[in-house]
Amino acid sequence: MSQPPVYQQEWDQIYRQAYAQGRRHWRPEMATPPVFAEFLTSHDAPPAGSRILEAGCGDGLNAIHLAQRGYVVTGVDVSQAAIDRAREVATEHRCHVDFLCLDLVRDELPPPRDYDLWVDIKTLHVLWEDADRAAYLRRAVESLPPAASSS
Ligand SMILES: C[S@@+](CC[C@H](N)C(=O)[O-])C[C@H]1O[C@@H](n2cnc3c(N)ncnc32)[C@H](O)[C@@H]1O
């Protein structure tokens with residue numbers, strides 16, 4: 001028997017409340033944290049054109065930032081409200097990102113699952129159970145090339 005989509009309910013409520021208060025983004029200050037910005041300008045950053053999945057992308061600011069740097073970006077979040085806002089913002093920026101509303105604990109990612117980089121900014125730690133974190137990490141491992149997932 002399938003379990004109720006608890007993450008979806010919880011996070012949709014958070015985003016809907018923020019938007020009902022007139023906020024454009026749930027937490028704009030979380031976009032592009034310094035350590036992430038530093039990584040993107042380092043030698044370890046993947047080349048432009050690489051396929052990046054941002055897991056728990058919220059209303060899309062990091063995903064859009066990545067697309068503006070020339071990456072092919074898929075943003076995934078469990079909240080439909082956040083994904084709807086992310087799509088709006090990407091359109092305003094004339095920027096292409098594939099935004100998907102999925103529960104990364106319970107749902108399979110659609111193929112092709114061939115990403116070069118899995119970006120997680122404050123998402124793994126919001127999953128409550130060890131089993132949920134394990135399921136989420138399995139999705140990441142299955143979506144990355146063997147060298148990236150074992151390094
Ligand atoms: C702390 S927020 C971080 C949002 C964004 N990464 C940022 O830095 O602004 C955690 C995000 O993870 C998403 N999330 C929580 N559980 C999820 C799940 N099971 N599958 C996909 N996304 C999930 C939430 O909707 C929320 O957008």
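Glu 142 counts as exposed, because just 12 C-beta neighbours sit inside 10 Å of it, and 12 or fewer is the cut-off for that label. Keep in mind that this is a predicted model. Here's the rundown, starting with that glutamate and working out to the whole chain and its ligand.

**Around Glu 142**
- Glu 142 belongs to helix 5, which covers residues 130–143.
- Take Asp 132 as a partner for scale: Glu 142 is 10 residues away from it in sequence, and the C-alpha to C-alpha distance is 15 Å.

**Overall fold**
- The protein chain is built from six helices and four strands.
- Reading from the N terminus, the order of elements is α-α-β-α-β-α-β-β-α-α.
- The radius of gyration comes out at 15 Å, close to the 15 Å that the globule rule gives for 151 residues, so the chain is as compact as a globular protein of that length.
- Along the principal axes, the C-alpha atoms fill a box of roughly 40 × 40 × 25 Å.

**Packing and contacts**
- Buried residues make up 28% of the 151 in the protein chain.
- Among contacts with a separation of 6 or more, 66% link residues 24 or more positions apart.

**Ligand shell**
- The ligand is surrounded by 20 residues, and the closest are Trp 11, Met 30, Gly 56, Gly 58 and Leu 104.
- Helix 1 (6–20) and strand 2 (72–77) are the elements that give two or more residues to this shell.
- By residue type, the shell splits into 11 nonpolar, five polar and four charged.

How values were computed. Residues are numbered from 1 along each chain as its sequence is written. This is a predicted model: local features need pLDDT of at least 70, side-chain atom pairs count only at pLDDT 80 or more; totals for chains, interfaces and linings use all residues. The radius of gyration is taken over C-alpha atoms; the globule rule is 2.2 Å times the number of residues to the power 0.38. A residue is buried if 20 or more other C-beta atoms lie within 10 Å of its own, exposed if 12 or fewer, and partly exposed in between; C-beta atoms are placed from the backbone. Two residues are in contact if their C-beta atoms, placed from the backbone, lie within 7 Å. A residue is near a molecule or strand if its C-beta atom, placed from the backbone, lies within 6 Å of it. Ala, Val, Leu, Ile, Met, Phe, Trp, Tyr, Cys and Pro count as nonpolar, Asp, Glu, Lys and Arg as charged, and the others, Gly among them, as polar.
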